[in-house]
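Here are some short exercises, each with a worked solution. Grab the model and follow along.

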Amino acid sequence: MLLVKLAAKSLLNRKASALLTLFTIAISVMLLMSIERVRVDAKSSFSNTISGTDLIVGARTGDIQLLLSSVFRIGHANNGVSWKSYQYITGQRGVKWAIPMSLGDSHKGLAVLGTNKDYFEHYRFAKKQPLSFSQGHEFNHLFEVVLGAEVANTLGYQLGDEVVIAHGMGNTSFHNHDDNPFKVVGILKATGTPVDKTLHIPLAAIEEIHGGHAHQHQPAQADANDHDHDHDHDHDHDQHDDVDLVGTPKQITAFLLGFDSPLYTLQVRRNINQYKDEALLAIMPGVTLRELWEMLSIVEKILLLFSIVVVLISLLGMLTSLLSSLNQRRRELAILRSVGARPWHIFTLISVESLLITGLGCIVGTALFYALMLLGADYLQSHAGISLNIALLSSYELMLLAAIMVAGFIVGLIPATRAYFYSLADGMSIKI
């Protein structure tokens, strides 16, 4: 304990350099912990870009291609799903809800999604968080549009503004539907997912702007839908409310399915993949998202490597500080030798100093880490889609802190050993 007190007083006597070294280690610990937490939570959030959806069904392509086109709005689906197949599959036993999705149009390079009201009720992201509105409400009429948060912020749209949809995805638009402008009736809260960059319109409007007359089939379609849903399964809300917004399209791009029980998921998936009337593919989004993340694992490794380099640089800074201070401390250490301190006392003193600096740096760095997480959680969720888990340190993170402490101790052994041999050679005596 005496050596610990001496080490603490020695550090206080050199508080300027000691604080600078401590602050450097604290910053590196904060960065290491933050990068590690973001790395882990980014993987989790990526896997939950779409959450609570049991199956995604589309034309038979590849699992990742279907995921990219339907969830991330990347690429194009080569084929669609016929409306007849959609009605047949959604009428199967165990289907709790279904969300049709029609892509292919855009607005100023941003994707336009034709869907129904079930989208706003059942679509989930992150850890099964529902969509919510920052302004307005869901569409209730044919030519109304609900904007994602980034669409509204980037283009400066407000409620009541008119939006013209163009045929074609991305920046390649072949025809503007100027004769059918859409009125902005709702703006969604930021989710950090592709929903933010999407314009949502009624499914029937897709047919209407392309020359169809989906809304004219409203009564017959309403009766048919009511009959189907009463016969096969209970929907969560009355189909009369949005049947005129669905119409009878010839085909859709894909659709999402939720089931009453997980037991139905594999059974229906197998039936869809063996569906004879049409070449369809059903994927489990959670599984496919994890496969896609494995393809991007190089990013995860780069983040981990970067954080390790930051810690090594800070420990090298501590080593430099301790070594450079040895010559300045010749008088202090010589006095300790003159009052009976042995070379191993000098060795232990320098080692304890490095441990104190490293330990305090870890404590301060952890406090800064939690402060950064609390301040940045909302920003990362809304802008990057990363849902941070602000909880106690995991066992892996505690191991990282222990590794830093060990590394700090090992680094401290270098100046401690140098001081030890100086003492043996009587190099600590005061030169007059």
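**Exercise 1.** Work out whether the end-to-end distance of helix H9 (residues 262-273) agrees with its expected span.

*Solution.* This is a predicted model, where local features need pLDDT of at least 70, side-chain atom pairs count only at pLDDT 80 or more, and totals for chains, interfaces and linings use all residues. Residues are numbered from 1 along each chain as its sequence is written, and side-chain values use heavy atoms, with hydrogens and water left out.
- Helices are DSSP runs of H or I, at least four residues; strands are runs of E, at least two; both are numbered from the N terminus.
- The expected span is 1.5 Å times one less than the number of residues, so the twelve residues of H9 should give 16 Å.
- The end C-alpha atoms of H9 sit 17 Å apart, which agrees.

**Exercise 2.** Find which residues of H9 are buried, and what they pack against.

*Solution.*
- Buried means under 20% relative accessible area, exposed over 50%, partly exposed in between (1.4 Å probe, protein chains only).
- Tyr 264, Thr 265, Val 268 and Ile 272 are the buried ones.
- They cover an arc of only 110° around the axis (taken from the directions from the helix axis to the C-beta atoms), so they lie on the same side of H9.
- Their packing partners (contact: heavy atoms within 4.5 Å) are strand E1 (55-59), helix H4 (83-90), strand E15 (254-259) and strand E16 (280-283).
- The face turned away from the buried side carries exposed Leu 263 and Leu 266.

**Exercise 3.** Place Gly 62 and classify its exposure.

*Solution.*
- Gly 62 lies in the loop between E1 and helix H3 (63-70).
- Its relative accessibility is 24%, so Gly 62 counts as partly exposed.
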